[in-house]
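Trainee: I am new to this structure and would like to know how its descriptions are arrived at. Could we go through them one at a time?

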Amino acid sequence: MSRVAIIGNAGAGKTTLALKCICITLAIFLLLAFSSGKQNAASAADVKADAQKFIDEFTAEWLKLRYAYSLASWNSNTHIVEGDETNSKAENAALERLTTFTGSRENIEKATTFLKQKEKLAPLQVEQLERILYMAAEYPETAKDLVKERIAAETAQTEKLYGFDFKIDGKSVTPNQIDEILRTSNDPAERRKAWLASKEVGKVLKDGLANLQRLRNATVKPLGYSSYVNYQISEYGMSGPEMMELLDKFNRELRPLYRELHTYARYELAKRYNQPVPDQLPADWLPNRWAQDWSDMVKVEGLDINAALKDKSAEWVVKQAEQFYISLGFPPLPPSFWEKSSLYPVPANSPFKKNTHASAWHLDLQSDVRSLMSVEPNADWYSTAHHELGHIYYYISYTNPNVPPLLREGANRAYHEAMGTMIGLAAMQKPFLEGRGLAPKNAKVDEMQLLLHEALNYVAYMPFATGTMSRFEYDLYENNLPKDEYNKHWWELALKYQGIVPPVERGEEYCDACTKTHINDDAAQYYDYAIANVLLFQLHDHIARKILKQDPHVTNYYGNKAVGDFLRTIMRPGSSRDWRAVLRETTGEDLSAKAMLRYFEPLMAYLKKVNAGRKYTLPEI
Ligand SMILES: [Zn+2]
């Protein structure tokens, strides 16, 4: 092979010479290799310099447009005046300017051309160019009309979802009121009505989803993605089938524990509603519209954070969360955070409203970090404040000269969520609460009920996230699920993964999947939450056992600089390093649900005892 290559390189005229004298051939080879090596070196340096120039120019313009969009978006989320569309129009216009730039034909062509010479580029350059192409694929100029149609269709879908008038017995009710019934009512008839009412919105969203299925797939295809779901998954550096296999693995690992929870719930709820024990769980029996969080099934006695926070102020709650991070060696939040954030509820008589969903923002990808919350001194906001500041400290940590702005993100999308949720979990553990004066020392807490409560939240969620939701979206986009099978398939998946059945026959006039917000406006990313759940237990387990040398159920991170160092090692590189390598280097392990299982091990033994003699109906995998 190499000889052919030599001759080929030397040109057709040298063939005879090569056959005659091997020494001359070798000499020519060495000469050519040397000179072409020199040539390669020169051109590699040129390509590198050209690519850097492109990346720098792209970054400068992108940062400007992105900041303008973030500011416009911030205004439209923090200052909502009914009937006044000024802010939302400004936000849309800024988004259009940003996406026109990121999806421009010129940028796509340049990034593609440079990536064809990958071997001449630095790894960090390759990552940034791939990031540029990834952003371009969402709104490419090469599919301009489809992009326009898609943005309009997404806006219309969101408006239908949020503007829907839910009704029970002909009377308008809010989603919160429906949730309240599902959380607290022991009357099966009342529960059924509430559940059915919550699913009516699906009917008006079904056509819209079919349209978005087509448009989302069509907009990413010009850049070589087979479907929208594979496009979203590619951010993890994985193929669609690889992601599905990872999710199935989590599901297999957790199945024995989930089977115990499934059996427990069937029997306990049948007792509560005074009904025969069903083979599978009727969807309207669970305390959540999608059966994704069952934790309201049990109450934990002895821990009353609401009571402990009653006399504190909302400001105290946010300061307390900041203090937690400072105690781990993070810096105080910049003064601009306190000046520019919108942290507290607007008064009832205020001329404007704001988005009440909590969020954390990194507006300029430099120092302008803000949070949008409506903090009140209660347990929910206490944990949310810790969660949101987790995002903020992640932003602050990867804003450093080693991480170019294009890579200032979580190691993957799930890392960001995992960090905040883990700190939220840690801030709720008893020794931490005692240390902060939020729980009386030696208060009696039913540890097993607490663990059960946590499992009904974190573990019961997993088959929904890994199975029902992620499989549905995978089949929707990658396998072009036909519109007249949406509902049938949704319930097949709910039965297979969650062991849940609809309380009444659900025909194709409904779209029960459409009632889930993310299906409409955060498409094909739901596995992020499943991965974040697994990851947070893995990181928490490492911190508890290896750093703090404490039982993972009763930890106190407060004031521990080594914990801070560990978190910063993960946070500092942003997405400039492969997330799998980061996990392996920091914990010595690959991503798996093992730590989550170990955390709930005592509960497994307890449930086996409680479920003794009961019939298990959910198949083992
Ligand atoms: Zn979050």
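Trainee: Which helices do the buried residues of H14 pack against?

Mentor: This is a predicted model. In it, the buried residues of H14 pack against helix H13 (305–309), helix H15 (335–340), H16, helix H17 (413–426), helix H18 (430–435) and helix H23 (561–571). The buried residues themselves include Val317, Val318, Phe324 and Tyr325.

Trainee: What span is expected of H14, and what does the model give?

Mentor: Helix H14 covers residues 314–327, 14 residues in all. At 1.5 Å a residue the expected span is 20 Å, and the distance from the first C-alpha to the last is 20 Å. After H14 comes Gly329, with a positive phi near 95°.

Trainee: How do you know that the span of helix H6 agrees with its number of residues?

Mentor: H6 runs over residues 123–138, which is 16 residues, and at 1.5 Å a residue these should span 22 Å. The end C-alpha atoms lie 23 Å apart, which agrees.

Trainee: Why is H6 called largely enclosed?

Mentor: A residue is buried when its relative accessible area is under 20%. Twelve of the 16 residues of H6 are buried, so the rest of the structure largely encloses H6. Among them are Val126, Leu129, Ile132 and Leu133, along with Arg131 and Glu138.

Trainee: Which protein atoms are the donors of the zinc ion?

Mentor: They are NE2 of His387, NE2 of His391 and two OE atoms of Glu417, at 2.1 to 2.6 Å from the zinc ion. The cut-off for a donor here is 2.8 Å, and that range lies within it. Along the sequence the donor residues follow the spacing H-x3-H-x25-E.

Trainee: What makes the arrangement around the zinc ion irregular?

Mentor: For four donors to count as tetrahedral, all angles must lie between 85 and 135 degrees. The four donor atoms around the zinc ion subtend angles of 51 to 131°, so the arrangement is irregular.

Trainee: How far apart along helix H16 are His387 and His391?

Mentor: They are four residues apart in H16 (residues 379–398), which means a separation of about one helical turn. An α-helix has 3.6 residues a turn, so residues three or four places apart point the same way.

Trainee: Do these two histidines count as buried or exposed?

Mentor: His387 has 15% relative accessibility and counts as buried. His391, at 7%, also counts as buried. Each value is under the 20% cut-off.

Trainee: Why is the pair of Tyr258 and Trp294 called tilted?

Mentor: A search of the whole structure finds 36 aromatic pairs. In this one the ring centres are 5.7 Å apart and the planes stand at 55°, so the pair is tilted. Stacked would need planes under 30 degrees apart, and edge-to-face over 60. The pair joins distant parts of the chain, 36 residues apart: Tyr258 is in helix H12 (residues 240–273), and Trp294 is in the loop between strand E3 (281–282) and H13. Tyr258 is buried at 1% relative accessible area, and Trp294 is buried at 0%.

Trainee: Which residues do ring pairs link into a cluster?

Mentor: The cluster consists of Phe324, Tyr325, Phe330, Tyr393, Phe432, Tyr557 and Tyr558. Phe324 and Tyr325 are also among the buried residues of H14.

Trainee: How do you know that strands E4 and E5 pair, and in which sense?

Mentor: Pairing requires at least two bridges. E4 (residues 359–362) and E5 (residues 369–372) have four, in the antiparallel sense. Ser359 stands opposite Leu372 in E5. The two strands form a hairpin with six residues between them, and Leu365 in the turn has a positive phi of about 60°.

Trainee: What shows that both faces of E5 are covered?

Mentor: Val369 and Ser371 on one side are buried, and so are Arg370 and Leu372 on the other. In a regular strand the side chains alternate between the two faces of the sheet.

Trainee: Why is Asn480 called partly exposed, and Lys549 exposed?

Mentor: Exposed means over 50% relative accessible area. Asn480 has 47% and is therefore partly exposed, while Lys549 has 66% and is exposed. Asn480 is in the loop between helix H19 (447–477) and helix H20 (486–498), with a positive phi near 45°. Lys549 is in the loop between helix H22 (527–548) and H23, with a positive phi near 55°.

Note on methods: Residues are numbered from 1 along each chain as its sequence is written. This is a predicted model: local features need pLDDT of at least 70, side-chain atom pairs count only at pLDDT 80 or more; totals for chains, interfaces and linings use all residues. Side-chain values use heavy atoms; hydrogens and water are left out. The expected span of a helix is 1.5 Å times one less than its number of residues. Buried means under 20% relative accessible area, exposed over 50%, partly exposed in between (1.4 Å probe, protein chains only). Donors are N, O and S atoms within 2.8 Å of the metal (3.2 Å for Na, K and Ca); water is not among the atoms, so sites may look incomplete. Four donors count as tetrahedral if all angles lie between 85 and 135 degrees; four count as square planar and six as octahedral if opposite donors are over 155 degrees apart and all others between 65 and 115; anything else is irregular. Contact means heavy atoms within 4.5 Å. Rings of Phe, Tyr and Trp (its six-membered ring) pair if their centres lie within 6.5 Å; planes under 30 degrees apart count as stacked, over 60 as edge-to-face and the rest as tilted.
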